[in-house]
Amino acid sequence: MKTKLFFILPVLALMAGCSDYLEHLPDQRTELNTPEKVAELVATAYPRANYITFLEAMSDNAEDKALSGGELINREPWFFNDVPDRNEDTPDFYWFAAYTAIAAANHALEAIAQASNPEDYQASKGEALVARAYTHFMLVTFFSRAYAPATATTDPGIPYVTTPEKEVNKPYVRGTVASVYEQIEQDLLAGIPLLDNMSYKEGAGKYHFTTSAAHAFATRFYLFKQDYAKVVEHANLAFPGGAIVPSLRPINSAAYRALEPAVKLAEYTKADVPANLLLVETPSLWGRSLRGYRYGFSSHMLRTFVWDGNVTGGLWGYMFYGTEETLFTPKFREHFVKEDPNADFGSPYNMVPLLTAEEVLFNRAEANARLGQYDAVLQDLNDFASTRIIVNDYDAPYYDPARHVITRPRVMSFYATQDLEAALIHTILDFKRVEFLCEGLRWFDILRHRLPVVHTPYNRENIVTLGPNDPRRVIQIPQEAQMAGLELNPR
């Protein structure tokens with residue numbers, strides 16, 4: 001079997017900065033004629049683009065700190081404007097990178113289908129299917145309305161591409177959110193049984209869809225789809241016996257808190273950290289710029305939703321550094337790649353945790369809350385708190401299970417409600433907001449729960465509000481996509 005690899009991408013999948021995609025069609029063609037070559041191609045089927053910059057700016061985790069400057073890629077999302085840029089850390093860059101990753105998955109799947117010995121390619125087929133499902137899910141989440149059973153069959157989706165790109169200006173259709181979700185689920189469920197964790201090179205598993213990472217993604221997908229029993233099922237499959245707590249980061253431990261900030265920066269996204277289930281390296285300025293962006297996490301936010309109390313009665317063990325205007329929690333260390341060993345210029349990269357044990361725990365807890373399994377929710381919340389809560393900065397042991405235990409009366413009292421389910425959901429969302437600061441995941445909860453976002457400029461003028469039905473909650477697709485026959489999102 002000899003399958004030629006053509007990266008002939010339509011305009012909608014151009015890489016950022018390309019003025020003419022015909023200039024970038026490769027002259028050399030790679031024959032995908034061995035399982036090893038196909039596996040190498042599938043390793044590129046992940047979007048190498050960072051979504052955190054624009055998602056954090058759009059969320060309620062960002063305030064106007066009145067710093068000088070105000071970079072376009074930080075300012076425009078904060079004002080809920082379309083970003084007129086296609087460089088790294090922008091929505092357009094993510095769109096292009098995502099469809100490039102999908103193209104890689106599709107070429108691999110075509111090669112596998114044409115192989116005379118397809119049984120030797122099953123692990124790569126599984127990875128390609130799950131990666132294709134994941135990437136389309138991220139696209140439909142950013143560039144379409146959030147899934148809602150009442151409107152999903154009419155809300156415009158995004159093109160679900162399942163064949164290699166081999167023609168110029170091929171017409172595409174957006175389909176509906178419901179149809180995209182159906183195809184995501186098909187790929188996901190077909191791919192998971194084929195995955196083989198032993199097929200990855202030693203030390204490389206965290207950069208691929210292992211079975212744990214695939215089930216973790218399934219918990220996110222089914223939480224959006226509101227199929228809560230499936231969320232719990234996949235969360236329990238992601239970890240042996242459903243035991244997630246051994247994989248949580250030991251944020252409140254004396255050893256972790258004693259680490260220097262630079263060490264924490266490196267530690268957070270290391271592949272050997274059990275909490276990290278799937279990592280990707282992305283070209284990005286986020287790690288170096290997040291402290292200096294005008295619109296971002298502020299000292300006021302630190303004093304309010306972080307330090308202003310939580311349902312345990314204890315303090316969060318997270319550590320923050322910097323000045324009033326440049327606060328940060330250490331998560332992203334920049335990797336700077338020089339053009340050559342003697343050069344003083346190059347490209348910055350960030351390692352991004354796409355899926356983590358902490359998210360799986362929260363997804364399971366929220367699903368169980370919807371299913372009325374309240375004791376299971378409290379168990380997950382208490383397990384999480386045991387790795388995050390401290391008495392104060394000086395006394396050990398930091399976490400006191402008797403003092404900090406989360407109970408039914410405690411959550412209802414804290415949120416002043418007799419609705420236990422609502423109180424538990426509030427607890428989960430509040431815990432997640434603090435846990436995933438600077439990681440972009442708050443935006444997912446804003447979408448799913450239709451939370452309003454209010455951005456108040458420092459001068460208190462021209463306050464911008466993003467309501468539950470505001471069309472700007474849906475990120476605009478690239479203008480070039482019109483050339484492929486796609487309708488832009490309403491504005």
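Select aspartate 89: it is buried, with a relative accessible area of 0% (buried means under 20% relative accessible area, exposed over 50%, partly exposed in between, with a 1.4 Å probe and protein chains only). The model is predicted: local features need pLDDT of at least 70 and side-chain atom pairs count only at pLDDT 80 or more, while totals for chains, interfaces and linings use all residues. Residues are numbered from 1 along each chain as its sequence is written, and side-chain values use heavy atoms, with hydrogens and water left out.

Aspartate 89 lies in the loop between helix 3 (72-78) and helix 4 (91-114). Helices (H or I, at least four residues) and strands (E, at least two) are DSSP runs, numbered from the N terminus. Phi of aspartate 89 is near 75 degrees, a positive value in a residue other than glycine. Most residues other than glycine have a negative phi.

For another positive phi, go to arginine 450, at about 55 degrees. Arginine 450 sits in the loop between helix 18 (442-448) and strand 10 (453-455). With a relative accessible area of 39%, arginine 450 is partly exposed.

Next, select serine 298, in the loop between strand 5 (295-296) and helix 12 (299-306). Serine 298 counts as buried at 5% relative accessibility. Leaving out residues up to four places away in sequence, serine 298 touches Glu63, Lys65 and Leu327; contact means heavy atoms within 4.5 Å.

Now show the sheet. 3 strands form an open sheet in the order 4-8-7, with antiparallel pairing; two strands pair if DSSP finds at least two bridges between them. Strand 4 and strand 7 (335-338) stand at the edges, each with a single partner strand, so one side of each has no neighbour in the sheet. Neighbouring strands of this sheet are turned by 30 degrees against each other on average, direction ignored. Axes are lines fitted to C-alpha atoms, for helices over the stretch in contact, and angles run from 0 to 180 degrees between N-to-C directions.

Strand 7 is joined to strand 8 by 4 bridges, and histidine 335 has tyrosine 349 as its bridge partner in strand 8. Add helix 7 (residues 211-225), which packs on the sheet, touches strand 4 and strand 8, and makes about 75 degrees with the direction of strand 8.

On the other edge, 7 bridges join strand 4 to strand 8 (residues 346-356). Leucine 279 stands opposite proline 353 in strand 8. In strand 4 (residues 276-283), 7 of the 8 residues are buried, so the strand is largely enclosed by the rest of the structure.

Return to helix 7 and add helix 5 (residues 122-143): their axes come within 11 Å and cross at roughly 35 degrees. The contact includes Val130, Tyr134 and Phe137 of helix 5 and Phe217, Arg220 and Phe224 of helix 7. By class, this contact has 9 nonpolar, 1 polar and 1 charged residues (Ala, Val, Leu, Ile, Met, Phe, Trp, Tyr, Cys and Pro count as nonpolar, Asp, Glu, Lys and Arg as charged, and the others, Gly among them, as polar).

Helix 8 (residues 228-238) has the buried residues Tyr228, Val231, Val232, His234, Ala235 and Ala238. These buried residues pack against helix 6 (177-191), helix 7 and helix 13.

Finish at helix 13 (residues 357-371) and helix 17 (residues 420-435), whose axes come within 9 Å and cross at roughly 165 degrees. That makes helix 13 roughly antiparallel to helix 17 (angles under 35 degrees count as roughly parallel, over 145 as roughly antiparallel, 65 to 115 as roughly perpendicular and the rest as oblique). The residues of their contact divide into 8 nonpolar, 1 polar and 6 charged.
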